[in-house]
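Trainee: Before we begin, could you put the sequence and the model on the screen, so that we can work through the fold step by step?

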Amino acid sequence: MSRLEEGSLPLDKMIKKAYRLIKEGRIERVGDGTYNIIGDHGTYIVATGYDGTVSCSCPGFTKKRRCSHSLAVILLTRGLVSTLEREIKQVS
Ligand SMILES: [Zn+2]
C-alpha cells in the first residue's frame, strides 16, 4: 500500500473521489476489462489486464501511474464498494 500513498493527492481523497465516480454511475463497461470513466475533466478509458494491472488514459495516470478512475475500477471489479462504503461512513 505504501506506493499508493506517494504523490500530491492523499489516498483518502482519491478513494472518496473513486467512490463518488462509482456512486454517480460514471463508470461504464464498454468491453472485456475496458471501462469508460466520465471524470470531472473529461472521459477516460480504464483497461484492466488479466494479471490484475490497470491503466488509465488520463494525464494523472500517465504521470503518477495511479488515479481515481483506475482506483474506482479496481474497487468495482474486486467487489470492495460495500466495504469502502462502511469505512467512509465511519470517518465522515
Ligand atoms: Zn485516470
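Trainee: Which residue in the turn of the hairpin formed by β1 and β2 has a positive phi?

Mentor: Bear in mind that this is a predicted model. Strand β1, residues 27–31, pairs with strand β2, residues 34–38, in the antiparallel sense over 4 bridges, and arginine 29 has tyrosine 35 as its bridge partner in β2. The two strands form a hairpin with 2 residues between them, and the turn residue that has a positive phi, of about 75°, is glycine 33.

Trainee: Which strands are the edge strands of the open sheet?

Mentor: The sheet consists of 4 strands in the order β1-β2-β3-β4, with antiparallel pairing. An edge strand here is one that pairs on one side only, and that description applies to β1 and β4.

Trainee: And how large is the average twist from one strand to the next?

Mentor: Strands of a sheet pair through backbone hydrogen bonds, either parallel or antiparallel. In this open sheet, where the pairing is antiparallel, the twist from one strand to the next averages 25°.

Trainee: Within what arc do the buried residues of α1 fall, seen down its axis?

Mentor: Helix α1 covers residues 11–23 and reaches 18 Å from its first C-alpha to its last, close to the 18 Å expected. Its buried residues are Met14, Ala18, Tyr19 and Leu21, whereas Lys13 and Lys23, on the other side of α1, are exposed. The buried residues line one face of the helix, because seen down the axis of α1 they fall within an arc of 155°.

Trainee: Which residue just after α1 takes a positive phi?

Mentor: The helix runs over residues 11–23, which tells you where to look along the chain. Just after α1, a positive phi of about 65° is taken by glycine 25.

Conventions:
Residues numbered from 1 in each chain as written. Predicted model: local features only at pLDDT ≥ 70, side-chain atom pairs only at ≥ 80, totals over all residues. Pairing = 2+ DSSP bridges. Expected span 1.5 Å × (residues − 1). Buried ≥ 20, exposed ≤ 12 C-beta atoms within 10 Å, placed from the backbone. Arc of directions from axis to C-beta. Axes fitted to C-alpha atoms, helices over the stretch in contact; angles between N-to-C directions.
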